[in-house]
Amino acid sequence: MEIFSEKGARRLVEIIFGILAVGTLLLQLLIRGTASLPVFLVSLLSAAGILLCVYRYLSKQAEIEKEAEILVNSFLDGNTDARIACDEEGQIFRLFQAVNSMAAVLNARAVSEQKEKAALKNTISDISHQLKTPLSALNIYNGLIQNEAEELPVIKELCGSSERELDRIETLVQNLLKMAKLDAGMIVFEKSPENIGDMMRDIELRFACRAKQEQKALILSGDETISLFCDREWILEAIGNIVKNALDHTDRGDAVHIEWRQFASIVQIKVTDNGSGIHPEDLYHIFKRFYRSRYSKDRQGVGLGLPLSKAIIEAHDGTIEVESKLGKGTSFAINFLIPTKL
């Protein structure tokens with residue numbers, strides 16, 4: 001147990017050596033007969049009194065510092081009302097006052113952020129409602145026009161184009177809302193142990209029709225016993241966006257591989273394709289929102305799928321890395337820590 005701070009201990013040692021030096025000098029004088037015994041005893045008692053006072057002072061300082069440390073740790077642990085008593089004068093109490101002021105500022109900022117998040121949550125809910133209603137109406141109107149245009153090929157083709165654009169707008173709106181909810185901390189992940197093989201088969205089923213139409217292969221491989229502690233729906237969203245990106249950048253006859261495996265402390269899911277690859281200039285920007293590469297042939301994407309995947313993965317305490325060779329293909333590696341290995 002530390003009784004003194006390093007600086008206090010040094011001062012105490014200096015005082016002790018000073019007293020010892022004076023005591024030694026008086027003892028030598030006493031032996032030589034130039035100092036009387038009473039003078040020596042009085043000096044020795046005075047030195048002992050000074051030493052006792054110094055000890056008590058430093059002990060009190062150590063107690064004050066220890067109490068301050070306990071209160072600071074309490075604040076860091078979430079007790080926002082923890083404050084250090086600083087009613088006395090002195091340098092250390094001025095420091096305590098500054099610490100208390102800093103704690104008050106941090107509390108005020110935390111309250112302000114909570115209010116901003118609550119306001120943002122309400123705004124997002126309003127936007128979601130206001131956007132979904134007209135989009136649903138437009139889809140219905142577009143469907144009615146298509147039904148009435150069976151014998152009008154030009155109108156039918158325009159309705160088909162309109163439907164695709166409406167789907168694109170709806171996807172954009174949904175992704176924007178998901179990103180906003182993640183940013184606002186509105187998402188509460190409902191995590192449970194999930195079999196990765198089952199989740200990847202769900203993704204395969206989701207894209208099976210598109211892969212068949214575009215003559216592309218979706219290949220799964222991995223240990224069927226591996227599980228991941230996660231929110232199933234959100235992880236499916238994250239991996240699904242990456243698989244969609246792979247299908248967007250592959251040609252007929254290409255393949256998208258989804259594999260998973262477990263290492264000592266992580267579970268890894270890998271999505272690899274042999275498509276067009278990513279230009280080196282774009283590798284550092286693909287997770288930025290709305291980023292559009294000047295080298296990409298994809299003109300339909302809006303640049304939200306990969307940033308959304310990254311946000312979801314990081315919210316699960318995971319990481320995502322990408323490797324790519326232009327003209328050879330791309331590989332996304334998603335790593336999740338195993339909780340029992342932490």
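Which residues does Val173 touch, not counting residues up to four places away in sequence? The first legend answers this. The model shown in every view is predicted.

**View 1. Val173 sits in helix α4.**
Helix α4 covers residues 153-183. Val173 touches Leu131 and Leu135, once residues up to four places away in sequence are set aside. Leu135 is 38 residues from Val173 in sequence. In space, their C-alpha atoms are 9.9 Å apart. Val173 counts as buried because its relative accessibility is 9%, and the cut-off for buried is under 20%.

**View 2. Five strands make an open sheet.**
The strand order is β2-β4-β5-β7-β6. The pairing is mixed. Strands β2 (217-222) and β6 (318-325) stand at the edges. Each edge strand has a single partner, so one side of each is left without a neighbour in the sheet. From one strand to the next, the twist averages 15°.

**View 3. Strand β4 pairs with β2 and with β5.**
β2 and β4 run parallel and are joined by six bridges. Leu220 has Ile258 of β4 as its bridge partner. β4 (residues 255-262) and β5 (residues 266-273) run antiparallel, with seven bridges between them. Here, Val256 has Asp273 of β5 as its bridge partner. β4 and β5 form a hairpin, and three residues lie between the two strands. In a regular strand, side chains alternate between the two faces of the sheet.

**View 4. Asn335 lies in strand β7.**
Is Asn335 buried or exposed? Asn335 is buried, because its relative accessible area is 11% and buried means under 20%. The side chains of Asn335 and Gln268 are joined by a polar contact of 3.0 Å. Neighbours within four places in sequence aside, Asn335 is in contact with Ile266, Val267 and Gln268. Asn335 also contacts Gly318, Thr319 and Glu321.

**View 5. Two helices pack on the sheet.**
Helix α6 (residues 232-248) lies across β2, β4, β5, β6 and β7. Strand β7 spans 329-337. Helix α6 runs at about 25° to β5. Helix α7 (residues 305-315) touches β6 and β7. The direction of α7 makes about 140° with that of β6.

**View 6. Helices α6 and α7 pack against each other.**
Their axes are 9 Å apart, and the packing angle is about 145°. The crossing of α6 past α7 is left-handed. On the α6 side, the contact is made by Trp234, Ile235, Glu237, Ala238, Asn241, Ile242 and Asn245. On the α7 side, the contact residues are Gly305, Leu306, Leu308, Ser309, Ile312 and Ile313.

**View 7. Helix α7 has a buried set of residues.**
What do the buried residues of α7 pack against? They pack against α4, α6, β6 and β7. The buried residues are Leu306, Pro307, Leu308, Ser309, Ile312 and Ile313. Asp317 follows α7, and its phi is positive, near 60°.

**View 8. The largest nonpolar core holds 41 residues.**
Ile196, Met200, Ile239 and Val243 touch the most other members. Helix α6 supplies the largest share of this core, nine residues. Take Ile196, not counting residues up to four places away in sequence. Ile196 touches Ile226, Ser227 and Leu228. Ile196 also touches Trp260, Val267 and Ile269. A second, separate core has seven residues, among them Ile64, Ile84, Cys86 and Phe96.

**View 9. Thr80 lies in the loop between α2 and α3.**
Helix α2 spans 37-76, and helix α3 spans 91-148. Thr80 is partly exposed, with a relative accessible area of 39%. Thr80 is in contact with Phe75 and Asn107, leaving aside neighbours within four places in sequence. Ala103 is 23 residues from Thr80 along the chain. The C-alpha atoms of Thr80 and Ala103 are separated by 7.8 Å.

How values were computed:
Residues numbered from 1 in each chain as written. Predicted model: local features only at pLDDT ≥ 70, side-chain atom pairs only at ≥ 80, totals over all residues. Heavy atoms only, no water. Pairing = 2+ DSSP bridges. Helix = DSSP H or I, 4+ residues; strand = E, 2+ residues; numbered from the N terminus. Axes fitted to C-alpha atoms, helices over the stretch in contact; angles between N-to-C directions. Contact = heavy atoms within 4.5 Å. Buried < 20%, exposed > 50% of the residue type's maximum accessible area, 1.4 Å probe, protein only. Core = buried A, V, L, I, M, F, W, Y, C linked by side-chain atoms within 4.5 Å. Polar contact = N/O pair within 3.5 Å; in protein donor to acceptor, adjacent residues only side chain to side chain. Left-handed = near helix turned anticlockwise from the far one by under 90°.
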